[in-house]
Amino acid sequence: MEITSNTNPVILFDGVCNLCNSSVQFVIKHDPKKKFRFASIQGDYGQQVLKQFHLPPDSLNSFILLKDNQIYTHSTGALKVAKQLSGAWPLLYVFIIIPPFIRNAVYQFIANNRYKWFGKKESCAIPSPELKALFYN
């Protein structure tokens, strides 16, 4: 599969991170039109995206959104996802006006402590059969 051929936005996430897996479940719950697709950064698809966009193969401290053949990372990626969710979540997009160096400092603080605060799995979670179509390997 060519990475740039996706019409759906794809969220790359750390597949062993409990916070990241919970975030994916949150997006699925608040994405009634099933716009988003998901891939762990550790998987083949995630590694292909990192390579294509010249990102380090161990970019686990970043939330990565691939949308319209562009990469959005850290807080910008997260806010762009929130903007497309159902409910009041798009209101969070107002935080995009905060300079990225401030937003990303907060983001990085959480990312650097996510395993300590939320734990991690031994391996990537396997999606349920009904959600499997939303995930790339």
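Is Ile97 buried or exposed in this structure? With a relative accessibility of 70%, Ile97 counts as exposed, because the cut-off for that class is over 50%. A word before we go on: this is a predicted model.

## A nonpolar patch on the surface

Ile97 sits in the loop between α3 (74–82) and α4 (100–118). Together with Trp89, Leu92, Val94 and Phe95, Ile97 makes a nonpolar surface patch of about 490 Å².

## The sheet

Let us turn to the strands. Five of them, in the order β4-β3-β1-β2-β5, form an open sheet with mixed pairing. Its edges are β4 and β5 (135–136), each of which pairs on one side only.

Walking through the sheet, we can start with β4 and β3, which pair in the antiparallel sense over 4 bridges. Here Ile64 of β3 has Thr73 as its bridge partner in β4. Strand β3 (residues 64–67) also runs antiparallel to β1, to which 3 bridges join it. Ile64 appears again in this pairing, as the bridge partner of Leu12. On to β2: its pairing with β1 is parallel and spans 4 bridges, and one of the partnerships links Phe13 with Ser40 of β2. The connection between these two strands is worth a look as well, since β1, α1 and β2 make a right-handed β-α-β unit.

## Strand β1, covered on both faces

What covers the picture for β1 (residues 10–13) is burial on both of its faces. Val10 and Leu12 lie on one side, Ile11 and Phe13 lie on the other, and all four residues are buried. This fits a general pattern: in a regular strand the side chains alternate between the two faces of the sheet.

## Helix α3 and its neighbours

Which residues of α3 are buried? They are Ser75, Thr76, Gly77, Leu79, Val81 and Ala82. These buried residues pack against a mix of strands and helices, namely β1, α1, β3, β4 and α4.

## The loop between α1 and β2

Now for the loop that joins α1 (18–29) to β2 (37–40), where Asp31 is found. Why does Asp31 count as buried? Its relative accessibility is 2%, and the cut-off for burial is under 20%, so Asp31 falls in the buried class. Apart from neighbours within four places in sequence, Asp31 is in contact with Phe36 and Leu85. For a sense of distance, the C-alpha atoms of Asp31 and Ser75 are separated by 19 Å, with the two residues 44 apart along the chain.

Lys34 has its place in this loop between α1 and β2 too. Its phi is near 55 degrees, a positive value in a residue other than glycine. Lys34 counts as partly exposed because its relative accessibility is 34%.

## Another positive phi, between β3 and β4

Where is Asn69 found? Asn69 lies in the loop between β3 and β4 (70–73), which are the two strands that pair in the antiparallel sense over 4 bridges. Although Asn69 is not a glycine, its phi is positive, at about 60 degrees. With a relative accessible area of 42%, Asn69 is partly exposed.

Note on methods:
Residues are numbered from 1 along each chain as its sequence is written. This is a predicted model: local features need pLDDT of at least 70, side-chain atom pairs count only at pLDDT 80 or more; totals for chains, interfaces and linings use all residues. Side-chain values use heavy atoms; hydrogens and water are left out. Patches are made of residues with over 30% relative accessible area and no salt bridge: like charges are joined within 9 Å, nonpolar side chains (Val, Leu, Ile, Met, Phe, Trp, Tyr) within 5 Å. Accessible areas come from the Shrake-Rupley method with a 1.4 Å probe; for residues, only the protein chains shown count as cover. A salt bridge is a side-chain nitrogen of Lys or Arg within 4 Å of a carboxyl oxygen of Asp or Glu. Buried means under 20% relative accessible area, exposed over 50%, partly exposed in between (1.4 Å probe, protein chains only). Contact means heavy atoms within 4.5 Å. Two strands pair if DSSP finds at least two bridges between them. A crossover is right-handed if, with the strands pointing away from the viewer, the path from the first strand over the helix to the second runs clockwise.
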